[in-house]
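Please look at the sequence and the structure shown here, and keep both at hand while you work through the exercises.

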Amino acid sequence: MSEIKISRRVLIGSMAYLVTACALPTSEIKSIQLQKVKLDGQYFNAQQLTLLTDVAEIMIPKTNTPGATDANVIAVLDAMMLTWAGKKTKQQFNFCINQISQIAKNTFSAYYTEITLSDRRALIEQLDANSFAQTDTELSASYRKLKKIIFHIFYTSEEANPDFILVPGGYKGSLTKTELDEINKRGYLG
Amino acid sequence: MSQVYDVIVVGSGITGGWAAKEFCEKGFKTLVIERGRNVEHRGSEYTDMQAPWEIQNRNLLEESLEEEDRYSNIRGKGYFKKATQQFFTDDKEHPISYPEDKPFKWVRSYQLGGRSVTWGRQVLRWGPKDFEANAKDGHGVPWPIGYDDLAPWYDYVESFIGVSANKDGLDVLPDGVFQKPWEMSAAEKVISQNLKKKYTDRHLIIGRAANITEPTQEQMELGRGKCQARSYCKRGCSFGGYFSSLSATLPAAKRTGNLDLVTDAIVYSVDYDETTGKAKGVTVIDTNTKEKRSYQARVVFLCASALASIQILLNSKSKTFPNGIANSSGTVGHYIMDHFTGVIANGDVPGVEDKYGYGRRPIATYIPNYRHEQKDGVDFIRGYGYQATAQQRSNTGTHAQKIGIGAEVKDNSNQPSNWRFLALMYGEMLPYFENHARLHPTKKDQWGIPLLHIDAELKQNERNMIKQASVDIKEILEVGGCQDIKINETPEDQHIQIGDRIHEMGGACMGDDPKVSVLNKWSQSHDVPNLFVTDGACMSSCATQNPSLTYMAITARAADYAAKLLASNTL
Ligand SMILES: Cc1cc2nc3c(=O)[nH]c(=O)nc-3n(C[C@H](O)[C@H](O)[C@H](O)COP(=O)(O)OP(=O)(O)OC[C@H]3O[C@@H](n4cnc5c(N)ncnc54)[C@H](O)[C@@H]3O)c2cc1C
């Protein structure tokens, strides 16, 4: 069993609701490479969190750089469902999760969490393609909204911004790549 | 606080902070009254030390704001995010009124420091021609002052606030007391140099920022340090790197021991003494208890921001002034202006692909107005400039809102791409008498104060400017060396919201003639000698430059004049 720790920073979005740091306990189903979340979150239940964690990781997988799971994307989303999401978004995300489960059942005659990683990937890729090809359906709108927030949370995470410098100390507008890399390494203009 | 103050200053924003500092430093007991809450400089409301992943909701605003139609006038604006929300006012809680077909936008920051906390810090002097425009073409009320009257006060203000800028030597945008300028990016330099080769009148210069690059002794004594190029200014700055009332003028006023500060108190009216013919003080409504109380002073300075000061003037009714204090001319509330945009242009800048930017420069570049004279057969008067930028090269972005997921998409995201230059027109709106603000006859806010009804729109002169600005900027970008140029021009039949540029001004214009103006050349009421209005309300025209530096210079000058009258007991 591995634990996806929610760091204190992850909690910022939900301070009002969480008193102590919590974790999304998961166990890996090795045969199908799925991280199964074992406990309910603050908004989503364990099953929903399992599906979402998987979908986020398919969208933004770990490569030689961190992926969505490393960046705690779904743990943050779960918290933000209480502090950010409006009624419509909540409905849309629930709808989207149900629809993904339904598509899995219709296509593979199995629960989403039982099919292989390549099938899950194929499913989400297809859903992505369809959602941008035909934008006027409820599923398209819900999926695109979910994708947008998953990407937003990932790309504003510490893991996705290793070069972020909070206090640059100055501005330079005409650097070579080598000069820029040196400054970034130093972490300050100097 | 039952004493009679020397001076009451209404509002603690950019102009109120200045009035407070000037009077306190000259030894006058000064009361600043602010309708908003207290905000501590470097206090818990500043969010500037939060990295993107530390900001609540990852800097997204709660969706409930949209569901409840709150902050409707600024939702979606780049400056309005979770990290800055606390510094902007909810128009649902603080409504205004306007004709249905002419929505007006009044962007406010009701708190100690006002919009000095949230402003963009572009500080540009007006040139001689800007003050001459009304007299020259007959629109509005002729200015009773010229550039020379304000020049020493610009120097004075710039020295204190700290302005990082280049001495460009342009008549239309006089140079001042500057600290080291910000650097232009490689792309901006290309455009600037190309423009120099072809034009004598169109220049791309680095913006002039109220962000300090070489702190003076005085600035350091106030606890201000060098700007760190984070460009998180609107979240408050723990370094005191940019000028705000909180970082600069209010601390300067406080350290004299002459300042009293009252927050959470809305000035409802200026109280007029029928026997002396002067203002005796103000009546306020406590925002929390809704109780009324009064304060007295020998002089009242209205610095509540243009529209708020107009509202106070109109609301201050007496036997002598049944239509509002200082309104014998009947012009209080008239000549409402703002800058306007109607053209956004952008284009790639080739030839600098091997160059990169570092840091977040707190200011854009600028193309000053080059159309003061009516030439090239154009069908409008006055002119426009452009706020512009290419401070960082763009990147490829993510696939958050387009097709594609997975490893390949991730690897190609946020990679450096081309340098792209963006320019936004800022036009001068003529002072039209019929563009006005008045008290709504029936609608009131939660404190029982009549709402301001603002009825203002652009007219044909401004629409003609937009057309020409669109033609001009295309040429400027071409001459600058840009490619793949895109121009977005607002169609003539589309309402452009006045107030959107947040440079709303006018309504209590300065002028020599008391029959057609509210204030004299000292920003002093023609009618009520101990009443001054030194915020944007006093402006007789709006030029094209961001106005706050001029408001500050006018305030410091007026305070100096009033102080002399106070000292000689002639008020
Ligand atoms: C996002 C943004 C960007 C901007 N960029 C620039 C820029 O780059 N350059 C520039 O020159 N200008 C800029 N401005 C405009 C600038 O902020 C204003 O011109 C300036 O703040 C006006 O100063 P002021 O003192 O008149 O009003 P404010 O700074 O708005 O202060 C008025 C104060 O009075 C208080 N008040 C109002 N009514 C009452 C009342 N009845 N009783 C008591 N108190 C009252 C308010 O709460 C407030 O604190 C920008 C503004 C914003 C919001």
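The exercises below treat the ligand's surroundings, the contact between two chains, and two annotated domains.

This is a predicted model, in which local features need pLDDT of at least 70 and side-chain atom pairs count only at pLDDT 80 or more, while totals for chains, interfaces and linings use all residues. Residues are numbered from 1 along each chain as its sequence is written, chains are lettered from A and ligands numbered from 1 in the order in which they are written, and side-chain values use heavy atoms, with hydrogens and water left out.

**Exercise 1.** Find which residues come nearest to the ligand, and describe the polar contacts there.

Solution. Begin with the shell of residues near the ligand (a residue is near if one of its heavy atoms lies within 4 Å). There are 37 residues around the ligand, and Thr15(B), Glu34(B), Arg115(B), Gly120(B) and Val267(B) come nearest. Next, look for polar contacts (here, pairs of N or O atoms within 3.5 Å). Thr15(B) places a polar side-chain atom 2.7 Å from an oxygen atom of the ligand, and Glu34(B) has a polar side-chain atom 2.6 Å from a ligand oxygen atom. Gln111(B) takes part through its backbone, with an N or O atom 3.1 Å from an oxygen atom of the ligand. Finally, consider the cover: the ligand taken alone exposes 990 Å², and the protein buries 95% of that (accessible areas by the Shrake-Rupley method with a 1.4 Å probe).

**Exercise 2.** Work out how many residues each chain gives to the contact between chain B and chain A.

Solution. Count the residues in contact (heavy atoms within 4.5 Å), which gives 54 residues from chain B and 59 residues from chain A. Then take the buried area (the accessible area, with a 1.4 Å probe, that two parts lose on being put together, summed over both). The two chains bury about 4,500 Å² between them, with 58% of it on carbon and sulfur atoms. Within chain B's share, Trp53(B), Arg58(B) and Tyr358(B) supply 21%, more than any other three residues.

**Exercise 3.** State where UniProt places the two annotated domains of chain B.

Solution. In unreviewed entries, UniProt lists "Glucose-methanol-choline oxidoreductase N-terminal" at residues 83–339 of chain B and "Glucose-methanol-choline oxidoreductase C-terminal" at residues 438–554 of chain B; such annotations may be inferred rather than shown by experiment.

Key:
A polar contact is a pair of N or O atoms within 3.5 Å; within protein, one must be able to donate a hydrogen and the other to accept it, and residues adjacent in sequence count only if both atoms are side-chain atoms.
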